[in-house]
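Hi,

Here is the structure I said I would pass on. Have a look at it first, and then read on for what I found in it.

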Amino acid sequence: SRHEVSADLLTNEPSAEANPLTYVIVHGHRLPQVDIGFREGSRQISREEGRKLNYVAELATRTGLWNHHNGLPLPRITVTGRGNARRPTLGGVLPEAARQRAEAVHGELRDRLDRYLINYQHGIAQRRLTAADFPGAVSTEHPTPGGDREQGRRTTVAVHDHRPEDTTAGT
């Protein structure tokens, strides 16, 4: 929509939301797919990449709470690690950098999601949501041979919010 395009011009990052009125008219919003980069040989999340996780955690929190309040399923969170493993080790096993990075991102995201959920649900009487309530999956991929080595040091985090179609829209 025009609102989304306008909102995208205000930031270098994709805009998750544009205008509350756009939510109602267009029915929905775009949820992020964010790449978390790692330095060569590292399995630690940098401060800059941690800011991306904060963004994803807050957006997943807000979307999840809205969905929960309105009887809709919670968004599903997927984390996909990539590795540059070109050769197996002496034992024939591919190095597990991709899995370790994906698990590190998944754990850090769940910690941040729990913190946002605590803050956003402060003072409510009903059962509180936790990160464990959000469905998710962790997987790994190996890039194509000869591909970009930097891409092989990325872990992708995606939030999937599949809301049911409104069957009354045309009536």
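Let me start with Asp133 and Arg127, whose side chains meet in a salt bridge, with 3.5 Å from N to O. Asp133 is partly exposed, at a relative accessible area of 28%. Arg127 is exposed, and its relative accessible area is 53%. Keep in mind that this is a predicted model.

How many salt bridges are there? The count comes to five, and two others are worth a look.

One of them joins Glu108 and Arg112, at 2.9 Å from N to O. These two sit four residues apart in helix 4, so about one helical turn separates them. Glu108 is partly exposed, with a relative accessible area of 25%. Arg112, on the other hand, counts as buried because its relative accessibility is 13%, and the cut-off for buried is under 20%.

Another one is between Glu141 and Arg82, with N to O at 3.2 Å. This pair links distant parts of the chain: Glu141 belongs to strand 3 and Arg82 to strand 2, and they are 59 residues apart. Which of the two is buried, and which is partly exposed? Glu141 is partly exposed, at a relative accessible area of 39%, while Arg82 is buried, at 13%. The side chain of Arg82 also reaches the backbone oxygen of Thr80, at 3.4 Å.

That brings me to strand 2, where Arg82 is found. Strand 2 is mostly covered, with six of its seven residues buried. What does strand 2 pair with? It runs antiparallel to strand 4, and six bridges connect the two. Within strand 4, Thr156 stands opposite Thr80. Strand 2 also runs parallel to strand 3, again joined by six bridges. There, Thr78 has Ala137 of strand 3 as its bridge partner.

Now for the helices. Helix 4 covers residues 97–120 and has the highest confidence in the chain, at a mean pLDDT of 94. Its 24 residues should span 34 Å at 1.5 Å a residue, and the end C-alpha atoms are indeed 34 Å apart, so the two values agree. The buried residues of helix 4 are Ala97, Ala98, Arg101, Ala102, Val105, His106, Leu109, Arg112, Leu113 and Leu117. What do they pack against? Their partners are strand 1 (33–37), helix 3 (47–69), strand 2 (76–82), strand 3 (136–141) and strand 4 (154–160).

Helix 3 has 23 residues and reaches 33 Å from its first C-alpha to its last, close to the 33 Å expected at 1.5 Å a residue. Its buried residues include Leu53, Val56, Leu59, Ala60, Gly64 and Leu65. The buried residues of helix 3 pack against strand 1, strand 2, helix 4 and strand 4. After helix 3 comes Gly71, which has a positive phi, near 75°.

Phe134 is a nice residue to click on next. Where is it? Phe134 is found in the loop between helix 4 and strand 3. Phe134 counts as buried, at 3% relative accessibility. Leaving aside residues up to four places away in sequence, Phe134 touches Ala60, Gly64, Leu74, Pro75, Ile77, Arg110, Leu113 and Leu117. Ala60 and Gly64 are among the buried residues of helix 3, and Leu113 and Leu117 are among those of helix 4. As for Arg110, it is 24 residues from Phe134 in sequence, and the two are 9.3 Å apart in space, C-alpha to C-alpha.

Finally, a word on how far to trust all this. The protein chain averages a pLDDT of 78, and 65% of the residues score at least 70. Where is confidence lowest? The answer is helix 2 (residues 20–27), with a mean of 45. The pLDDT is below 50 over residues 18–27, and in the model this stretch has 13 contacts beyond near neighbours in sequence.

If you want a route through the model, try the pair Glu141 and Arg82, then the pairing of strand 2 with strand 3, and then the contacts of Phe134.

Cheers

Definitions and conventions: Residues numbered from 1 in each chain as written. Predicted model: local features only at pLDDT ≥ 70, side-chain atom pairs only at ≥ 80, totals over all residues. Heavy atoms only, no water. pLDDT = per-residue confidence, 0-100. Contact = heavy atoms within 4.5 Å. Expected span 1.5 Å × (residues − 1). Buried < 20%, exposed > 50% of the residue type's maximum accessible area, 1.4 Å probe, protein only. Salt bridge = Lys/Arg side-chain N within 4 Å of Asp/Glu carboxyl O. Polar contact = N/O pair within 3.5 Å; in protein donor to acceptor, adjacent residues only side chain to side chain. Pairing = 2+ DSSP bridges.
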